[in-house]
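Trainee: I have a protein model open on my screen, and I would like to learn how to read it. Could you walk me through it, one feature at a time?

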Amino acid sequence: MDKERNEEQEFLKDVDRFLNGEEVTPDEGTNEDTRSAIEFARKLTELRAEPSPEFQESLKSKLLRKLTEQEVAAREKVGANWLRDFMDRLMPQSPVWRTAVVTVAILMVATGVMWRTGMFTPTGGLEGETLNGRFSEETFDDESQKWNGMAVAGEQEEEEEGEAVVNIPPWPGAEDDASIFGEELQLEIEITAIEAITRLAGAGFTAPYGDEVTLTLVFTNTGSEPITIDMPQITIAGAPEIGIVYTLSAVDDPVELIPSEPLHMLFVWEQQDSTGAQVTPGVYIFNIGTITITRGDDTFEIVPPSVEVTVVEPQQ
Amino acid sequence: MSTASEERGAREIFVELYEEFLPKVFRYIRYRVNSEQETEDLTSVVFEKALVNFEKYSRDKASFSTWIFSIARNTVIDHYRTQARRPALSLEKAEIEASSNELLPDDVIVKMEEREKLQVCLSRLSPEEQEIIALKFGSEMNNRQIARTMGLSESNVGTKLYRAVRKLRDSFQETDNG
């Protein structure tokens, strides 16, 4: 019995040693059965299947994309919780006072609706409505789903007379400090082995009248192989009745992007239309076409989100 | 709200753990299922579950190794449950699969044939013996970790492992001779 136990201990010790990468030579006293069990255990280790590099890479990309989605969702949840907490603090705890507050709020909304429909003014209608209002109504009716998805009616704000500023909910992943005056537009595009993640850093940008507007695209290849990027033209569109005002040319030749080294592509718009004239203040959309990525024999396409910039009326 | 550096930190930690544990989880699952494709699918499921629950993982309660392999074990058990039973792999099927790779070098083909034979022999062991072999040679756990994972004593694990490897060796040799 003790001998059997010793053989077992000898076997277990040797298995642990070769699993740790150590050289193993069974003791001379080890019996043939245990010796051959140790040899077979070594064979088991040699025959182990390994995950293919392709599988490892594609699963890693998939998981990193999920991680990004989780981070975005967590950020949005934090924002929603903050709003709910804020509203909770705003609302009185007493049921009587709560009822009173809600009643006042309903009365204010009703008054607002009646005023907007002209019930309090003899002329009625929407005279005096700013460029912002007209622009947004037409935009949402006529333009693509992408516009509708980015801007929601009711989130328009009328600023000082002559300014047209549209508040846009940030693109997922956008930084919180959107609308920083004069900040550079930056769109990050992270290309993994099989897919692309686009992230807009900042949203709803404003630019002083007459200033250059620079759009920077940052490409990062997190895959293990070099890729080439075929960059299309970028169109800049004003309100629907204005249409495309300017086109930034496509990059002539495909650009090679090696793994891990970020590539910055800068596109400068001098706020001019195709005739060279300064554009009027208002909202302009940078529509980036389909970017084609090639890796070996594989080709895939990215359609980045549109980028919006508001040209602000010059200060008097 | 987590800061950008904290997020980058969590991302880096997850990538490090992924790179360390992916081969071990893959090998463990490969010992427990019959095909490469099933192995890849289940490995993906394990890491997706780990990612979703990563926030809930507490280093104080268990090592990452114990945590990820408990997910892997449950995933394999669920897989069997949905399949009702594990289909037995026949030697004939294994030989047909191996013979369809005639363009590969000889040593690679020999290794593939041996792997297939091993898979057949493994399927003849009891589920507990298969689990011990998979945890030892796939996950590279020590006997104490296996004992904790399977609810056995450490000495019991040692005895069962010694017995299972000899049984598997005999079955493998019989297949060779047959």
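Mentor: Happy to! Let's start with one residue: B:Glu140 has a relative accessible area of 28%, so it counts as partly exposed. The cut-offs are these: buried means under 20% relative accessible area, exposed means over 50%, and partly exposed lies in between, with a 1.4 Å probe and protein chains only.

Trainee: What should I know about the model and its labels before we go on?

Mentor: This is a predicted model, in which local features need pLDDT of at least 70 and side-chain atom pairs count only at pLDDT 80 or more, while totals for chains, interfaces and linings use all residues. Residues are numbered from 1 along each chain as its sequence is written, chains are lettered from A and ligands numbered from 1 in the order in which they are written, and side-chain values use heavy atoms, with hydrogens and water left out.

Trainee: Which residue forms a salt bridge with B:Glu140?

Mentor: First the rule: a salt bridge is a side-chain nitrogen of Lys or Arg within 4 Å of a carboxyl oxygen of Asp or Glu. Here the partner is B:Arg27, and the closest N and O atoms are 3.3 Å apart. This pair links distant parts of the chain, with B:Arg27 in helix α1 (residues 4-32) of chain B and B:Glu140 in the loop between α6 (127-138) and α7 (143-150), 113 residues apart. B:Arg27 has a relative accessible area of 10%, so it is buried.

Trainee: How is a helix or strand assigned, and how many does chain A have?

Mentor: Helices (H or I, at least four residues) and strands (E, at least two) are DSSP runs, numbered from the N terminus. Chain A has 6 helices and 13 strands. Buried residues make up 38% of its 316 residues.

Trainee: What does contact mean, and which residues is A:Glu7 in contact with?

Mentor: Contact means heavy atoms within 4.5 Å. A:Glu7 sits in helix α1 (residues 2-19) of chain A. Setting aside neighbours within four places in sequence, its contacts are A:Gly29, A:Thr30, A:Asn31, A:Thr34 and B:Tyr162. A:Glu7 counts as buried because its relative accessibility is 6%.

Trainee: Where is A:Thr45, and what does it touch?

Mentor: A:Thr45 is in helix α2 of chain A. Not counting residues up to four places away in sequence, A:Thr45 touches A:Phe18, A:Leu19 and B:Phe137. The C-alpha atoms of A:Thr45 and A:Phe18 are separated by 8.9 Å, and the two are 27 residues apart along the chain. With a relative accessible area of 16%, A:Thr45 is buried.

Trainee: Two of those lists include residues of chain B. How is the size of an interface given?

Mentor: It is often given as the accessible area lost when the parts come together. Buried area is the accessible area (1.4 Å probe) that two parts lose on being put together, summed over both. Between chain A and chain B it is about 4100 Å², of which carbon and sulfur atoms give 63%. The contact takes 41 residues from chain A and 40 residues from chain B.

Trainee: How many salt bridges are found across the interface of chain A and chain B?

Mentor: The rule finds 8. One of them joins A:Asp33 to B:Arg166, with the closest N and O atoms 2.7 Å apart. On the chain A side, α1, α2 (32-46) and α3 (53-90) each supply at least two residues that touch chain B. Helix α3(A) gives the most, with 14 residues.

Trainee: Which residues are linked with A:Asp33 in a network of salt bridges?

Mentor: They are B:Arg166, B:Arg169 and B:Asp170. The side chains of B:Asp170 and B:Arg169 meet in a salt bridge at 3.1 Å, N to O. B:Arg169 is buried, with a relative accessible area of 5%, whereas B:Asp170 is partly exposed at 34%.

Trainee: And how many salt bridges are there over all chains?

Mentor: A search of the whole structure finds 20. Among them is the one between A:Arg17 and A:Glu22, whose closest N and O atoms are 3.4 Å apart. A:Arg17 counts as partly exposed at 28% relative accessibility, and A:Glu22 counts as partly exposed at 40%.
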